[in-house]
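Work through the exercises below with the sequence and the coordinates at hand. Each task is followed by a solution in steps.

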Amino acid sequence: MPQEDPAQWSVRELRAFLAARNDATCAHATEKKELVDRVRVLLRERAAAPRAAAPAAAPPPAAPPEIAEAIARVLAAADAYEALGVDRAASPAACKKAYRRLALKLHPDKCQAPRAEEAFKRVSAAYAALQDGRNLKFGEDGASSDATYNYGAYSDEAELFRAMFAGDGSLLTRLVSVFRANPWTLPALV
């Protein structure tokens with residue numbers, strides 16, 4: 001209910017409160033005061049009732065054996081092919097199929113097993129690396145040891161982002177000024 005004082009509630013709210021608690025003692029009440037008095041009694045009873053102890057948080061469910069094995073295999077993998085569980089000569093279609101199978105098993109929204117999220121991230125990184133035509137090698141800490149990216153004329157992703165979206169000379173700013181100057185430019189591009 002919106003207010004703590006039942007006297008401020010509407011008759012409809014009072015009746016709804018009583019109906020939700022299966023209280024029929026004031027079902028034929030003709031005055032609001034009767035309803036308010038009964039609601040106050042119920043609120044006092046609820047406040048005086050001892051609170052049940054909150055149940056302890058349940059430990060995370062144990063992972064099924066096939067999930068636990070998949071997590072262990074992915075985390076122990078030395079490179080992208082091992083992480084996906086495919087042969088080095090596997091076709092892109094086979095890599096994609098293996099990635100999808102593992103991603104469905106290990107996705108954090110579906111799998112609450114310990115270290116499943118870490119395994120999912122590693123599988124995703126492995127598939128992305130194979131898509132780029134490189135074999136990702138995992139170091140001791142799970143990070144890629146040969147993760148070098150080519151950002152063209154920019155030294156890193158932050159510089160590339162700034163060039164695209166920040167400041168007066170950014171690509172986005174220039175596009176907006178062109179569209180403001182000539183609104184017909186956008187339909188011409190499409």
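The exercises concern a predicted model and go from the whole chain to single helices and residues.

**Exercise 1. The fold in outline**

Determine how many helices and strands the chain has, and what share of its residues is buried.

Solution. Step 1: the secondary structure consists of 9 helices and 0 strands, so the pattern along the sequence is α-α-α-α-α-α-α-α-α. Step 2: of the 190 residues in the chain, 25% are buried. Step 3: the accessible surface is about 13500 Å², and carbon and sulfur atoms account for 57% of that surface. Step 4: taking contacts between residues at least 6 apart in sequence, 43% join residues at least 24 apart.

**Exercise 2. The nonpolar cores**

Find which residues have the most contacts inside the largest nonpolar core, and which helices supply it.

Solution. Step 1: the largest nonpolar core has 26 residues, and the most contacts inside it belong to Ile 71, Leu 84, Leu 102, Leu 106 and Val 123. Step 2: at least two residues of this core come from each of helix H3 (65-76), helix H4 (80-84), helix H5 (92-106) and helix H6 (116-131). Step 3: H6 gives the most, with 7 residues. Step 4: leaving aside residues up to four places away in sequence, Val 123 touches Val 74, Ala 83, Leu 84, Tyr 99, Leu 102 and Leu 106. Step 5: another core, of 11 residues, lies apart from this one; Leu 18, Cys 26, Leu 35 and Leu 42 are among its members. In general, nonpolar side chains of soluble globular proteins tend to be buried together.

**Exercise 3. The two sides of H5**

Compare the expected span of H5 with the distance between its end C-alpha atoms, then sort its residues into buried and exposed.

Solution. Step 1: H5 has 15 residues, which at 1.5 Å a residue should span 21 Å; the end C-alpha atoms are 21 Å apart, in agreement. Step 2: the buried residues of H5 are Cys 95, Ala 98, Tyr 99, Leu 102, Ala 103 and Leu 106. Step 3: these residues lie on the same side of H5, because their arc around the axis is only 130°. Step 4: Ala 93, Lys 97, Arg 100 and Leu 104, on the other side of H5, are exposed. Step 5: the cover over the buried residues of H5 includes H3, H4 and H6.

**Exercise 4. A loop residue**

Locate Thr 25 and decide whether this residue is buried or exposed.

Solution. Step 1: Thr 25 sits in the loop between helix H1 (11-20) and helix H2 (32-48). Step 2: exposed means over 50% relative accessible area; Thr 25 has 58% relative accessibility and therefore counts as exposed. Step 3: Arg 38 is 13 residues from Thr 25 along the chain, and their C-alpha atoms are 8.2 Å apart.

Conventions
Residues are numbered from 1 along each chain as its sequence is written. This is a predicted model: local features need pLDDT of at least 70, side-chain atom pairs count only at pLDDT 80 or more; totals for chains, interfaces and linings use all residues. Side-chain values use heavy atoms; hydrogens and water are left out. Helices (H or I, at least four residues) and strands (E, at least two) are DSSP runs, numbered from the N terminus. Buried means under 20% relative accessible area, exposed over 50%, partly exposed in between (1.4 Å probe, protein chains only). Contact means heavy atoms within 4.5 Å. Accessible areas come from the Shrake-Rupley method with a 1.4 Å probe; for residues, only the protein chains shown count as cover. A nonpolar core is a set of buried Ala, Val, Leu, Ile, Met, Phe, Trp, Tyr and Cys residues joined through side-chain atoms within 4.5 Å. The expected span of a helix is 1.5 Å times one less than its number of residues. The arc is that of the directions from the helix axis to the C-beta atoms.
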